[in-house]
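Visitor: Please take me through one part of this model in detail. I would like to look closely at a sheet and what lies against it.

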Amino acid sequence: MLGGELLTGMTVDGAINGRGEDTVGGVLTDLLQICRDMGGFVAKLNDWRLIQYVAYDPEIMKIAIPQLVFGADVTVFLQTFAEDIVQEKSTIRGIVVRNKGGRHLLTASNFVDASGDGDLCAMAGAEMLSVERGEKPQPMSMMFRMANVETDALLSYVRQNPECVAVGESDAIRGGRTDREITEEIYRQGQPCVFFKGDGPLLGDAIHRGDMFPTALIMIQPTSDARREVCINATRVTLDEPTRADNMATALRVLSGQVFQCARFLRQSVPGFGSASISGMSPRIGIRETRRVVGDYMLTEDDVLQARKRDDGVAKGCHHVDIHQDGTGQIRIPVADGGSYDIPLGSLLPKGIDNVVIAGRCLSASREAQGSARVMGSCMAMGQAAGSLTAMAASQSNHSKLRDIPVQRLRHTLRDQGAILEGTR
Ligand SMILES: Cc1cc2nc3c(=O)[nH]c(=O)nc-3n(C[C@H](O)[C@H](O)[C@H](O)COP(=O)(O)OP(=O)(O)OC[C@H]3O[C@@H](n4cnc5c(N)ncnc54)[C@H](O)[C@@H]3O)c2cc1C
């Protein structure tokens with residue numbers, strides 16, 4: 001399947017800031033329009049906690065992505081893994097991929113590393129960062145979906161029990177409301193956007209009794225009105241080096257058990273879930289954090305939290321610093337005034353490598369900044385910038401080097417494509 005994490009059912013975060021302004025356009029807008037044209041569920045919603053986001057049906061997304069990609073005349077190799085590179089000093093000449101047909105060399109003048117883990121940059125010997133010694137990477141999780149959820153029963157329960165849910169963690173979202181007033185807003189919104197908190201009575205007591213595993217939140221978000229379906233993000237296991245195959249196997253064993261346990265808890269203890277059943281599980285284990293590339297610029301926590309704007313910005317982020325921890329821990333720090341920040345081109349260019357541009361969660365950023373920019377809205381905006389930069393370089397008669405393309409020309413191209421680079425708080 002094409003789509004990476006976009007197929008699991010989670011919402012697109014980082015595309016609408018806490019003030020309700022769109023911060024990502026371009027390909028994301030096109031993709032959502034294809035989903036709408038097919039009658040797929042798409043909804044811009046407020047989580048009444050920290051952010052606003054776009055919910056969509058991942059099954060329709062599975063159809064929309066191939067439409068978009070093949071419509072753009074892209075040659076796709078499925079089931080194909082990049083396992084090696086051919087390199088000449090600081091230039092990558094080709095990547096060696098393996099699939100059922102054997103090993104193949106793909107050559108190009110420039111490459112985009114959108115592997116999440118920064119595989120290409122790591123193979124090219126770029127300086128990579130991971131968590132500091134003594135720290136653990138963010139936990140891995142397995143997203144799953146449940147259908148036949150009675151939204152009204154769920155929201156009525158939330159309205160009567162505001163102490164069970166996480167609400168109003170950002171001033172921009174809270175807007176001076178009490179928790180009870182916010183749960184009224186959740187009810188009025190009419191969609192199952194509910195975050196049961198691990199230190200609240202409902203989930204906290206279940207963890208204490210052993211009915212649930214320790215977790216910060218059970219995050220419930222809609223994926224389809226027709227199927228009365230929600231996506232649930234709750235499972236977690238923390239293991240060193242999530243890129244290791246044996247650790248992934250351990251994660252699968254633990255997480256699939258947690259999926260069953262969480263679904264059973266919801267069915268037994270949460271109004272609205274009595275007749276619900278598991279309707280889908282993510283096709284792969286979700287990995288939040290592995291390697292980061294050291295680039296020409298490293299995005300900082302301050303850039304994120306102060307909603308810093310830059311004239312070399314090529315993508316935007318607006319998600320809070322969001323670092324999941326072991327057990328019930330999670331760091332969540334909102335961006336100032338519900339605003340958005342700019343991701344500069346330098347954060348996408350690996351230091352010391354001439355012809356690679358990065359897109360996605362392996363960008364050059366501090367751990368805290370990555371905790372914000374790792375979400376899908378920002379990753380898609382980075383992808384658009386990275387793809388456009390390589391296309392612009394390829395269209396020059398002398399196949400320009402990536403760093404020779406003036407950033408203002410790239411920004412001009414991105415604006416023409418409907419990307420959002422300015423105009424937001
Ligand atoms: C459990 C979980 C919950 C999350 N919740 C949300 C949320 O609610 N909203 C949100 O916006 N974000 C969320 N995120 C964050 C977000 O989903 C990811 O950080 C983001 O999708 C990363 O995008 P990416 O393009 O960098 O990587 P991916 O989406 O992982 O894409 C990388 C692609 O590269 C391929 N690939 C990797 N290595 C190779 C290789 N060597 N050769 C060939 N192909 C390769 C992979 O198969 C994959 O298709 C969550 C993440 C997790 C794990």
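Guide: Start with a helix. In this predicted model, helix α8, residues 245-269, lies across four strands: β9, β11 (217-224), β12 (229-233) and β13. Against β9, α8 runs at about 30°.

Now the strands themselves. They belong to an open sheet of five, in the order β10-β11-β12-β9-β13. The pairing is antiparallel. In general, strands of a sheet pair through backbone hydrogen bonds, either parallel or antiparallel. The edges are β10 (194-197) and β13 (277-281). Each has a single partner strand, so one side of β10 and one side of β13 are left without a neighbour in the sheet. From one strand to the next, the twist averages 30°.

Look next at the β13 edge. Its partner is β9, residues 144-147, and the two pair in the antiparallel sense over four bridges. One residue pair to find there is A147 with S277, its bridge partner in β13.

Two other places deserve a look. The ligand is surrounded by 27 residues, and G4, E5, G116, G286 and G360 are the closest. β1 (12-16), β4 (81-88) and α11 (376-395) each give two or more residues to this shell. By class, the shell has 10 nonpolar, 10 polar and seven charged residues.

From the shell, follow α11 to helix α12, residues 407-416. The axes of α11 and α12 are 10 Å apart, at an angle of about 115°. The crossing is right-handed. On the α11 side, Q384, A385, S388, L389 and M392 make the contact; they meet R409, L410, T413 and L414 of α12. Five of the residues in this contact are nonpolar, three polar and one charged.

Conventions
Residues are numbered from 1 along each chain as its sequence is written. This is a predicted model: local features need pLDDT of at least 70, side-chain atom pairs count only at pLDDT 80 or more; totals for chains, interfaces and linings use all residues. Two strands pair if DSSP finds at least two bridges between them. Axes are lines fitted to C-alpha atoms, for helices over the stretch in contact, and angles run from 0 to 180 degrees between N-to-C directions. Two residues are in contact if their C-beta atoms, placed from the backbone, lie within 7 Å. A residue is near a molecule or strand if its C-beta atom, placed from the backbone, lies within 6 Å of it. Ala, Val, Leu, Ile, Met, Phe, Trp, Tyr, Cys and Pro count as nonpolar, Asp, Glu, Lys and Arg as charged, and the others, Gly among them, as polar. A crossing is left-handed if the near helix is turned anticlockwise from the far one by less than a right angle, and right-handed if clockwise.
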